[in-house]
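Q: Before we begin, may I ask how individual features of a model of this kind should be read?
A: Let us take them one at a time, with the structure in view.

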Amino acid sequence: MYSFAGLLMLASAVSGKFYLKEQFTDGWKARWTESSDWKPAAEMGEWGWTAGEHHGDVEDKGIKTMNDARFYGLSAPLSESFTNKDKEMVIQFTVKHEQNIDCGGAYIKLLPDMDQSKFSGDTPYQVMFGPDICGPSNRRTHVIFNYPPRNDNLLVKNEVKVETDVLTHVYSLVVKPDGTYEVFIDLESVRSGKLEEDFDFLLPKEIKDPAVSKPSDWVDAKKIPDPEDIKPADWDDIPEKIPDPDAAKPDDWDEDEDGEYEPPMIPNPDYQGEWSPKMIDNPDYKGEWEHPMIPNPDYEYDENLYQRVTDATHVGFELWQVKAGTIFDDIVVTDSWAEAKAFAEEVSMPKKKGEKESFDEAEEEKKKKEEEERAAREAEEAEDEDEEEEEEDEGNDEL
């Protein structure tokens, strides 16, 4: 939580409006609604309220997915309807995968008005942002915007990195009125660009000229077989395999019983495979044919492309996790990146330091315990060896 002095400092430094600032200081059930009508109760996971195994402050709690192989649906209203016309749109929250996540989502959605009890994967949303991990090859931070003119949810073209360790990380998404966006992890920029270029919102500015096609006599083969290259007359006389010259008939070989001895076959070092003429530059090569481009008559620029949020009223988590244990905290929806950044610097980032210290102490204690157990095993094995040697010596003395 902010101190009173901290709030005054922030208020004087930045300006903007928070439509949601959720720190779960007193739990979550009074403000958040579970998706009770989405899946059968047996398929839905429960939410916990905890600071986690490693933390700097046991009272700094978030909400945690508690059951493996379950769906999770949870949503909360904003303080008021949010439309980012002529202003920034910022979504920010912290994610901690205490379970060493192998497969599961950890993203949040910004949504228009809805029936919270029915909130599910089919519920229309305006923005989807956050980590999604499944296996070693599918690891990304989702940045998805709904675009009503296309009636589609559009994913950023190039994948955005994601953190997969067991510590807390701050994820921030910023969209600006100038048509640009930026993704931050722990307040460090990991992706930025123009909405028009990095998402398929608009139709292409240019298209291939439909009135033009590649000429039938266009030569685009760079190389051709050398017409003067002739296969040697004895090329096919060289066998692929030959009898092993180093093989010798076994001494116990009986030709009456075993038949005539034949040495094993080995690859012929002189065999060159099937013959093919060498390739030479094609004298008629004209280069790669490029289809002429023309302006797309259907292209239309959208000056409100940046306005990805219109009358948003709720945020929600709609997830599937194979292995549960993800903790969410410090959820912010605001129209000011300066506000969100200041909040993260004051609240979210400091907790990482204490959490890291707790984690490192636990790892050091774990390492120490493993070394003690290994030393004990080695001492026990050495003692067993000594006892065996003593028993052998006693046996020898008796003989």
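A: We begin with A69, which at 35% relative accessibility counts as partly exposed; buried means under 20% relative accessible area, exposed over 50%, and partly exposed in between (1.4 Å probe, protein chains only). This is a predicted model, in which local features need pLDDT of at least 70, side-chain atom pairs count only at pLDDT 80 or more, and totals for chains, interfaces and linings use all residues. Residues are numbered from 1 along each chain as its sequence is written, and side-chain values use heavy atoms, with hydrogens and water left out.

Q: What is the sign of phi in A69, and where is A69 found?
A: Most residues other than glycine have a negative phi. A69, however, has a positive phi near 55 degrees, and lies in the loop between β4 (62–65) and β5 (70–82); strands are DSSP runs (E, at least two residues), numbered from the N terminus. N100, also not a glycine, has a positive phi of about 55 degrees and belongs to the loop between β6 and β7 (103–105).

Q: Which way do the side chains of β6 point?
A: In a regular strand the side chains alternate between the two faces of the sheet. In β6, M89, I91, F93, V95 and H97 point one way and V90, Q92, T94 and K96 the other. Nine of the nine residues of β6 (residues 89–97) are buried, so the strand is largely enclosed by the rest of the structure.

Q: Which strand is joined to β6 by eight bridges?
A: Two strands pair if DSSP finds at least two bridges between them. Strand β12 (residues 168–175) runs antiparallel to β6 and is joined to it by eight bridges, with Y171 as the bridge partner of F93.

Notes
Helices (H or I, at least four residues) and strands (E, at least two) are DSSP runs, numbered from the N terminus.
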